[in-house]
Amino acid sequence: MKAKFILTVDTQRLAKWLRLLGYDSKVIKSISLLKLIRIADKENRLIISRSKDVLNHPLPFNKIYIHSNKIDKQLEEIKSFLVFDEDAIFTRCPMDNEVLTDISKSKILNRIPVQVKATFNEFKICKKCGRVYWKGSHYHKIKAKFEDLFLNNTEIY
């Protein structure tokens with residue numbers, strides 16, 4: 001079973017990168033630690049945090065304490081909990097964690113740049129926020145960073 005995460009606000013930028021890797025990664029703001037632990041337990045999620053309160057909490061729960069405040073180092077710190085699956089990357093919206101769905105080009109012609117219309121034919125959409133995604137240069141740069149991190153064991157930045 002693939003890991004699922006719940007991140008505290010102090011690691012919310014990391015959530016975007018986990019989602020790009022295809023991981024279900026929630027960020028819940030303004031919630032007590034006890035409620036967060038209950039949600040994580042109920043949904044079988046690992047809590048990721050930089051908070052010493054989380055690290056030192058007396059209740060037993062699944063947690064990952066992050067030391068760094070830099071994304072590249074944070075990914076390094078949790079790499080052992082992750083699997084690089086090329087088929088899973090870019091399957092979730094990096095903004096709101098929703099699973100992306102395929103959409104035909106004809107349905108989004110008015111929402112994509114002219115050059116994209118001429119170059120790409122496969123698109124995905126987030127049904128929650130409406131963002132449209134395609135495998136352009138941004139996709140290839142991020143994929144290369146993940147390959148460096150997981151396959152070449154180098155830093156991604």
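Colleague: What makes a residue part of a pocket lining?

Modeller: A lining residue has an atom within 4 Å of a pocket point. This is a predicted model. In its largest pocket, helix H1 (12-20), strand S5 (101-103), strand S6 (123-125), strand S7 (132-133) and helix H6 (137-150) each supply at least two lining residues.

Colleague: Which of these elements gives the most to the lining of the largest pocket?

Modeller: Helix H6 does, with 4 residues. The lining has 26 residues in total. Phe90, Tyr133, Trp134, Lys135 and Tyr139 lie nearest the pocket centre.

Colleague: How many residues of each class are in that lining?

Modeller: There are 13 nonpolar, 5 polar and 8 charged residues. The space in the largest pocket is about 600 Å³.

Colleague: What makes S5, S6 and S7 a sheet, and is it open or closed?

Modeller: Strands pair if they share at least two bridges. S6 and S7 are joined by 2 bridges, so they meet that rule. They run antiparallel, and Ile125 stands opposite Val132 in S7. The sheet is open, with its 3 strands in the order S5-S6-S7.

Colleague: Why are S5 and S7 called edges?

Modeller: Each has a single partner strand, so one side of each has no neighbour in the sheet.

Colleague: How many disulfides are there?

Modeller: The count is 0. The sulfur of Cys93 has its nearest cysteine sulfur, that of Cys129, 3.7 Å away. A disulfide needs sulfur atoms within 2.5 Å, so Cys93 is in none.

Colleague: Why is Cys129 not bonded to Cys126?

Modeller: The sulfur of Cys126 is the closest cysteine sulfur to that of Cys129, but at 3.6 Å it is too far for a bond.

Colleague: Are Cys93 and Cys129 buried, partly exposed or exposed?

Modeller: Buried means under 20% relative accessible area. Cys93 has 0%, so Cys93 is buried. Cys129 has 33% relative accessibility. Exposed needs over 50%, so Cys129 falls in between and counts as partly exposed.

Colleague: What percentage of the chain counts as buried?

Modeller: Of its 157 residues, 42% count as buried.

Colleague: What does the chain look like along its sequence?

Modeller: The pattern is β-α-β-α-β-α-β-α-β-α-β-β-α. That comes with 6 helices and 7 strands. The C-alpha atoms fill a box of roughly 55 × 35 × 25 Å along the principal axes.

Colleague: Which share of contacts joins residues at least 24 apart?

Modeller: The share is 51%, among contacts between residues at least 6 apart in sequence.

Conventions
Residues are numbered from 1 along each chain as its sequence is written. This is a predicted model: local features need pLDDT of at least 70, side-chain atom pairs count only at pLDDT 80 or more; totals for chains, interfaces and linings use all residues. Side-chain values use heavy atoms; hydrogens and water are left out. On a 1 Å grid over the protein atoms alone, a cavity is a set of points where a 1.4 Å probe fits but cannot get out, and a pocket is an open set with protein on both sides within 12 Å along at least five of seven lines; lining residues have an atom within 4 Å of a point. Grid points are joined across faces, edges and corners, and a volume is the space filled by probe spheres set on the points. Ala, Val, Leu, Ile, Met, Phe, Trp, Tyr, Cys and Pro count as nonpolar, Asp, Glu, Lys and Arg as charged, and the others, Gly among them, as polar. Buried means under 20% relative accessible area, exposed over 50%, partly exposed in between (1.4 Å probe, protein chains only). Contact means heavy atoms within 4.5 Å.
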